[in-house]
Amino acid sequence: MITIEHLHYQLAGGTPILKDITTHIPKGGITALVGPNGAGKSTLFAHIARLQTIQQGKILIDQLDVSKTPIDEMAKKIAILRQDNTVNSRITVERMLMFGRYPYHKGRPRTEDVEIVNATLEQFQLVDLRERFMTELSGGQRQRVMVAMVFCQSTDYLLLDEPLNNLDMYHSRQLMQQLRHIADTYQRTIVVVLHDINYASAYADYIIGMKSGEVILEGKPTAVLTEHNLERLFGVNVPIVMINGYPMVMHYL
Ligand SMILES: Nc1ncnc2c1ncn2[C@@H]1O[C@H](COP(=O)(O)OP(=O)(O)OP(=O)(O)O)[C@@H](O)[C@H]1O
């Protein structure tokens with residue numbers, strides 16, 4: 001479980017970005033982090049992954065205090081896919097995945113690392129692209145490689161910031177199904193920022209809604225995805241229909 005206690009973060013000029021956040025992310029399954037642009041979702045991720053120094057408050061990951069845990073220990077506990085994940089170097093897909101294993105092999109890949117990379121190439125249907133340079137991939141293919149690289153890190157927790165960016169309908173759905181499979185089969189905890197609320201509804205076990213640096217709702221999709229809450233979160237007045245037991249937000253109409 002990730003426990004966040006009174007996390008407060010403000011810019012040098014005094015503008016608050018995260019306002020005294022207290023919440024928890026359950027262990028196991030998929031938690032979707034949703035909310036309007038600028039809500040603070042990426043900033044919260046940066047704090048959880050220790051990429052941002054904590055000014056005030058505390059974050060615990062399975063009892064490990066994030067601010068006191070050495071970086072290399074954190075790298076085996078939590079992996080993050082950031083929004084700005086552009087890789088422009090001439091590195092092949094296979095090497096990219098092996099790079100994800102760095103915290104374990106420290107530059108000297110062992111048999112186990114090769115096996116994990118091969119299994120991940122299979123799992124993410126990247127075998128045909130293994131020799132391709134990252135610069136020779138489409139935006140969507142590159143995005144899939146980056147998610148695979150995060151998976152390769154064999155961490156208990158995966159933080160994915162808008163992994164559906166650039167993905168078409170087929171690959172978005174496929175990736176969400178893969179995340180479900182990873183959570184269920186490997187007991188990994190996946191925390192994912194999603195802008196498509198209907199994917200959160202269909203695939204997440206738990207939803208956390210952020211707005212203006214605050215957590216304003218959290219709970220199971222069926223409990224929190226109400227017309228009233230969508231109005232509070234996004235300021236939109238849209239109907240919700242139930243399809244196969246999932247609340248689907250009709251925001252296109
Ligand atoms: N490096 C930075 N310097 C100053 N302000 C920043 C910086 N990064 C983000 N912010 C501000 O912090 C606030 C939260 O941004 P953040 O990227 O965490 O939001 P978000 O919920 O992830 O948004 P989005 O859905 O648009 O990606 C925004 O007001 C943003 O302008």
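What is the handedness of the crossing of H3 and H5, right-handed or left-handed? In this predicted model, the crossing of H3 and H5 is right-handed. Helix H3 spans residues 93-100. Its axis and that of H5 lie 10 Å apart, at an angle of about 125°. The two helices are therefore oblique to each other. On the H3 side, the contact is made by Glu94, Leu97 and Met98. On the H5 side, Asp113, Val117, Thr120 and Leu121 meet them. This contact of H3 with H5 comprises 4 nonpolar, 1 polar and 2 charged residues.

H5 also packs against H6. Helix H5 covers residues 111-123, and helix H6 covers residues 139-152. Their axes are 10 Å apart and enclose an angle of about 140°. That angle makes H5 oblique to H6. The crossing of H5 past H6 is right-handed. Ile116, Val117 and Thr120 are the H5 residues of this contact. Their partners in H6 are Ala148, Phe151 and Cys152. By class, the contact of H5 with H6 holds 5 nonpolar residues, 1 polar residue and no charged residue.

H3 and H6 form a further pair. Here the angle is about 35°, and the axes are 7 Å apart. The crossing of H3 and H6 is right-handed. H3 contributes Val93, Met96, Leu97, Phe99 and Gly100. H6 contributes Val145, Ala148, Met149, Val150 and Cys152. The contact of H3 with H6 divides into 9 nonpolar residues, 1 polar residue and no charged residue. Particular residues recur across these helix pairs. Leu97 of H3 takes part in the contact with H5 and in the contact with H6. Val117 and Thr120 of H5 meet H3 and also meet H6. Ala148 and Cys152 of H6 meet H5 and also meet H3.

The surroundings of the ligand were examined next. Leu11, Ile17 and Gly35 belong to the shell around the ligand, as do Asn37, Gly38, Ala39, Gly40, Lys41, Ser42 and Thr43. By class, the shell contains 3 nonpolar, 6 polar and 1 charged residues. Helix H1, residues 41-48, gives the most to this shell, with 3 residues. H1 is largely enclosed by the rest of the structure, because 6 of its 8 residues are buried. The buried residues are Lys41, Ser42, Leu44, Phe45, His47 and Ile48. Lys41 and Ser42 thus appear among the buried residues of H1 and in the ligand shell.

Arg50 follows just after H1. This residue sits in the loop between H1 and strand E4 (56-61). Arg50 has a positive phi of about 65° although it is not a glycine. Arg50 counts as buried because 20 C-beta neighbours lie inside 10 Å, and 20 or more are required for that class. Asn244 is another non-glycine residue with a positive phi, here of about 50°. The loop that holds Asn244 joins strand E11 (240-243) and strand E12 (246-249). Asn244 has 6 other C-beta atoms within 10 Å and is therefore exposed, the limit for that class being 12 or fewer.

Two strand residues were also examined. Leu18 is found in strand E2, residues 16-25. Leu18 is buried, with 25 other C-beta atoms within 10 Å. Beyond four places in sequence, Leu18 touches Leu7, His8, Tyr9, Gly40, Thr43, Leu44 and Gly213. Among these, Gly40 and Thr43 belong to the ligand shell, and Leu44 is one of the buried residues of H1. Asp113, a residue of H5 that meets H3, is 95 residues from Leu18 in sequence. In space, the C-alpha atoms of Leu18 and Asp113 are 38 Å apart.

Gly209 is found in strand E9, residues 206-211. Gly209 is buried, with 26 other C-beta atoms within 10 Å. Its contacts, not counting residues up to four places away in sequence, are Val34, Gly35, Ile216, Leu217, Glu218, Val224, Asn229 and Leu233. One of these, Gly35, is part of the ligand shell. Ala39, also in that shell, is 170 residues from Gly209 along the chain. Their C-alpha atoms are separated by 9.1 Å.

Notes. Residues are numbered from 1 along each chain as its sequence is written. This is a predicted model: local features need pLDDT of at least 70, side-chain atom pairs count only at pLDDT 80 or more; totals for chains, interfaces and linings use all residues. A residue is near a molecule or strand if its C-beta atom, placed from the backbone, lies within 6 Å of it. Helices (H or I, at least four residues) and strands (E, at least two) are DSSP runs, numbered from the N terminus. Ala, Val, Leu, Ile, Met, Phe, Trp, Tyr, Cys and Pro count as nonpolar, Asp, Glu, Lys and Arg as charged, and the others, Gly among them, as polar. Axes are lines fitted to C-alpha atoms, for helices over the stretch in contact, and angles run from 0 to 180 degrees between N-to-C directions. Angles under 35 degrees count as roughly parallel, over 145 as roughly antiparallel, 65 to 115 as roughly perpendicular and the rest as oblique. A crossing is left-handed if the near helix is turned anticlockwise from the far one by less than a right angle, and right-handed if clockwise. Two residues are in contact if their C-beta atoms, placed from the backbone, lie within 7 Å.
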